[in-house]
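Let's take a walk through this structure together. Have the sequence and the 3D view at hand as you read.

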Amino acid sequence: MLHSRGELLLMLDADGATRIDDMEKLENQIHAVAKKGQQSEDSAGRDSTIRISDVPAAVFGSRAHLEEKALATRKWYRNFLMKGFHIVVLLAAGSGIRDTQCGFKMFTRSAARKLFLNIRLKRWCFDVELVYLCKWFRVSMNEISVNWTEIPGSKVNLLSIPNMLWEMAIMSLGYRTGIWKIYS
């Protein structure tokens with residue numbers, strides 16, 4: 001992300017669980033955010049020749065609309081773990097994005113520079129850290145429903161759950177104590 005040159009930067013999981021056609025939904029949402037930002041610049045009497053890449057915005061693809069159906073088809077312990085994970089994410093990063101783990105996200109270049117310059121987690125919970133950093137930098141965040149298909153063999157292993165909890169605890173402690181510095 002730090003080496004990219006585009007105005008809009010798409011991040012997606014390699015398993016192809018999200019249809020690439022949904023990229024247009026994320027792009028439209030970022031354009032809507034940029035247009036809204038440009039209108040507020042116009043009303044403030046400032047130069048309105050702002051490029052979309054200069055508007056800090058992030059759009060998260062989401063499977064949250066599929067949650068009700070998933071709850072009906074998953075085993076009870078997977079539902080319990082999912083709900084528990086949502087509570088831990090809420091405590092670590094706050095509210096705003098219901099599905100942090102969907103691997104389909106789009107950022108403007110200015111948002112990506114701020115966020116990925118500061119990201120420290122490299123595994124499962126870097127998505128949660130992205131939400132935390134979006135809030136810190138006041139990057140506009142939106143969540144858009146995407147089409148998603150479960151890919152066989154592409155699942156979180158039960159043994160990874162303690163690692164995820166550990167990462168969120170480290171992140172929360174690191175930022176809240178000031179051990180992890182945030183660079184503008």
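What follows is a short report on the fold, the strands, one enclosed helix and some side-chain details.

## Overall fold

Please keep in mind that this is a predicted model. The protein chain contains 6 helices and 4 strands, and their order along the sequence is β-α-β-α-α-β-α-α-β-α.

Of the chain's 184 residues, 38% count as buried. Among contacts in the chain with a separation of 6 or more, 79% are between residues 24 or more positions apart. The accessible surface amounts to about 10900 Å², and carbon and sulfur atoms supply 57% of that area.

## Strand 3 and its partners

A good place to begin is strand 3, residues 104–108, which is mostly covered, with 5 of its 5 residues buried. In a regular strand, side chains alternate between the two faces of the sheet. For strand 3, both faces are covered: Phe-104, Met-106 and Thr-108 are buried on one side, while Lys-105 and Phe-107 are buried on the other.

Which strands pair with strand 3? Strand 1, residues 8–12, runs antiparallel to strand 3 and is joined to it by 5 bridges; Leu-10 sits opposite Met-106 of strand 3. Strand 2 also pairs with strand 3 in the antiparallel sense, over 3 bridges. There, Ala-58 has Phe-107 of strand 3 as its bridge partner.

## An enclosed helix

Helix 4 covers residues 109–118, and 7 of its 10 residues are buried, so the helix is largely enclosed by the rest of the structure. The buried residues are Arg-109, Ser-110, Ala-111, Ala-112, Leu-115, Phe-116 and Asn-118.

What do these buried residues of helix 4 pack against? Their partners are strand 1, strand 2 and strand 3, together with helix 5 (126–137) and helix 6. As a reminder on helix geometry, an α-helix has 3.6 residues a turn, so residues three or four places apart point the same way.

## Ser-62 and Asn-142

Ser-62 belongs to strand 2, residues 57–62. Is Ser-62 buried or exposed? Its relative accessibility is 3%, so Ser-62 counts as buried. The side chain of Ser-62 makes a polar contact of 3.0 Å with the side chain of Glu-143. Beyond its neighbours within four places in sequence, Ser-62 is in contact with Asp-99, Cys-102, Glu-143, Ile-144, Ser-145 and Val-146.

Asn-142 lies in strand 4, residues 140–145. With a relative accessible area of 22%, Asn-142 is partly exposed; the cut-off for buried is under 20%. Setting aside neighbours within four places in sequence, Asn-142 is in contact with Gln-29, Val-33, Ala-58, Val-59, Phe-60 and Ile-97. Here is a pair to find in your viewer: Asn-142 and Leu-26 are separated by 116 residues in sequence, yet their C-alpha atoms are 8.9 Å apart in space.

## Salt bridges

How many salt bridges does the structure hold? There are 4 salt bridges, and three of them are described here. Arg-19 pairs with Asp-21, with the closest N and O atoms 3.3 Å apart. Arg-19 is partly exposed, at a relative accessible area of 44%.

Asp-22 and Lys-25 form another salt bridge through their side chains, at 3.6 Å from N to O. The two ends differ in cover: Asp-22 is buried at 3% relative accessibility, whereas Lys-25 is partly exposed at 35%. Arg-51 and Asp-54 also meet through their side chains in a salt bridge, with an N to O distance of 3.8 Å. In this pair, Arg-51 has a relative accessible area of 45% and counts as partly exposed, and Asp-54 is partly exposed too, at 40%.

## A nonpolar surface patch

To finish, turn to the surface. Leu-2, Leu-117 and Tyr-183 make up a nonpolar patch there, and together they have about 300 Å² of accessible area. Tyr-183 is located in the segment that follows helix 6 (160–177). Its relative accessibility is 47%, so Tyr-183 counts as partly exposed.

Terms used
Residues are numbered from 1 along each chain as its sequence is written. This is a predicted model: local features need pLDDT of at least 70, side-chain atom pairs count only at pLDDT 80 or more; totals for chains, interfaces and linings use all residues. Side-chain values use heavy atoms; hydrogens and water are left out. Helices (H or I, at least four residues) and strands (E, at least two) are DSSP runs, numbered from the N terminus. Buried means under 20% relative accessible area, exposed over 50%, partly exposed in between (1.4 Å probe, protein chains only). Contact means heavy atoms within 4.5 Å. Accessible areas come from the Shrake-Rupley method with a 1.4 Å probe; for residues, only the protein chains shown count as cover. Patches are made of residues with over 30% relative accessible area and no salt bridge: like charges are joined within 9 Å, nonpolar side chains (Val, Leu, Ile, Met, Phe, Trp, Tyr) within 5 Å. A polar contact is a pair of N or O atoms within 3.5 Å; within protein, one must be able to donate a hydrogen and the other to accept it, and residues adjacent in sequence count only if both atoms are side-chain atoms. Two strands pair if DSSP finds at least two bridges between them.
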